[in-house]
Amino acid sequence: MAGRQSRTAASEISRRAWLQGTAAALGAGAIEQPLRAEVSTLSRKQLLLLFLSGGASQFETWDPKPGTKTGGPFRAISTSLPGVQIGELLPHTSKIMHRLTVVRSLNSNIPDHFQGHYAMQSGRIAPGYPVLGSAVAKLLERSEDVLPGYVSIRRDGPKAYTDVGDAGFLGAKYEGVRVVNNRPPENLVQPAAVKPTLAETVDRIRKSNDERFRRGRDAAPIDAYRTTFEQAQALMDRREIFDLTKESGADHEQYGKHEFGQNCLLARRLLQSGVTCVKVTHFDWDAHQDNFYWHQIRCAEFDRTLVTLLDDLERRGMLEHTLVVISGEMGRTPQINKLGGRDHWGRAWSVAMAGCGVKPGVVYGSTNDLGTEVKDKPVKLGDLFHTYLRAVGIDSSASYSIGGQTNPVADPAAKPIGELLA
């Protein structure tokens, strides 16, 4: 892979030495490391994807059309950006618009949940490519990383929309570790019956077997197994990351005690601990009926939590190296159906960003008066994928080289949006 070199043998030796040390520590009783002390040591680029699953309405959020036949019942409100308005369901967000980057001219042309989920996360229509979290985990990987590079936080169902594949040809190492229903991965605590001496013996036998099986064989599956084991061990060693009781009551309150708020609080802890990319899925934006009622509920959760999250990241110095992307798989129709809903729409809708690598206070592109079509500066989904990668310092024109085959990291037919990049 051209954008990132593989680990060196020396780094592997160092990595094993570290793991031996932490394994010994685990056997003697886990040592909890204070999360807040780590912030100053983090200078890497990271990515947080807030995925509004089902497809949020651009009319009720980033691109309101009040007083028109497509605009719905809500008002547009002024923001901290002079002359820019957003939907009144986002009052907290309106006060920080000068910190956001909003694209109002996305034409993905995909009105389908499955295809939209995959395309918006991979920047491609063709199947088999890694999604954003897996790609970033691979391309920003460092030799000293021990935790999984990509963690996906969501609830248990509906699975259909979100299970679109993750790592593609990058392999199992870069698949997202799933945190479901705000519970940590299972089996993070070593059984009491497994004594330290037994654990050390099993570990020694495993490593010996790994080396024996490597001789004369394709090393890739063995390396993938070893990496999975090491990442699982690292999660056991650092299981306090998932312990939200370590956060103050005020933090819980400000993030919101609902699922999305608590998931975003966990996402901050994961990023703070060194995970490269975290995705938080916020469900139930698929409002084919009672669209306006559902958007009041969804936006109320999203609005306050987003601002709290950005404030928290900024206060900790994390927003400087963390790109926050807010997207769904599609927008919603200008036409309001007979059930008071909006259906699927991919021809003219919006996404937003904040933080690392993007210019704050930018509203890019526009739609026509009824929001039915993009009016200027049209953006394709592949352009966004290029832009995300460039924002976190990745050369999006590079190629992966895996198994003797090369594949462009991003769609060569698309390009970064230079006007959005800092």
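Angles under 35 degrees between axes count as roughly parallel. The legends below describe close-up views of a predicted model.

**View 1. Packing of helix 9 against helix 10 in the predicted model.** Helix 9 spans residues 259-272 and helix 10 spans residues 291-315. Their axes lie 10 Å apart and form an angle of about 15°, so the two helices are roughly parallel to each other. The crossing of helix 9 and helix 10 is right-handed. From helix 9, the residues in contact are Phe260, Gly261, Cys264 and Arg268. They meet Glu301, Phe302, Thr305, Leu309, Asp312 and Leu313 of helix 10. Sorted by class, the contact of helix 9 with helix 10 has five nonpolar, two polar and three charged residues.

**View 2. Surroundings of Glu301 in helix 10.** Glu301 has a relative accessibility of 17% and therefore counts as buried, the cut-off being under 20%. Leaving aside residues up to four places away in sequence, Glu301 touches His258, Phe260 and His282. Of these, Phe260 belongs to helix 9 and is among the residues at its contact with helix 10.

**View 3. The open sheet of eight strands.** The strand order is 6-5-7-1-8-11-4-12, and the pairing is mixed. Strand 6 (177-180) and strand 12 (362-364) each have a single partner strand, so one side of each edge strand has no neighbour in the sheet. On average, neighbouring strands of this sheet are turned by 15° against each other, direction ignored.

**View 4. Pairing of strand 4 with strand 11.** Strand 4 covers residues 100-106 and strand 11 covers residues 349-355. The two strands pair in the antiparallel sense over five bridges. Val102 stands opposite Ala352 of strand 11.

**View 5. Helix 10 lying across strands of the model.** The strands concerned are strand 1 (46-52), strand 4, strand 7 (277-282), strand 8 (322-328) and strand 11. Helix 10 runs at about 170° to strand 1. Strands 1, 4, 7, 8 and 11 are included in the order given for the open sheet of eight strands.

**View 6. Ile402 in strand 15.** Strand 15 comprises residues 399-402. With a relative accessible area of 30%, Ile402 is partly exposed. Ile402 touches Phe169 and Leu170, residues up to four places away in sequence not being counted. Ile402 and Gly171 are separated by 231 residues in sequence, and their C-alpha atoms are 9.8 Å apart in space.

Key
Residues numbered from 1 in each chain as written. Predicted model: local features only at pLDDT ≥ 70, side-chain atom pairs only at ≥ 80, totals over all residues. Heavy atoms only, no water. Axes fitted to C-alpha atoms, helices over the stretch in contact; angles between N-to-C directions. Helix = DSSP H or I, 4+ residues; strand = E, 2+ residues; numbered from the N terminus. Parallel < 35°, antiparallel > 145°, perpendicular 65-115°, else oblique. Left-handed = near helix turned anticlockwise from the far one by under 90°. Contact = heavy atoms within 4.5 Å. Nonpolar A, V, L, I, M, F, W, Y, C, P; charged D, E, K, R; others polar. Pairing = 2+ DSSP bridges. Buried < 20%, exposed > 50% of the residue type's maximum accessible area, 1.4 Å probe, protein only.
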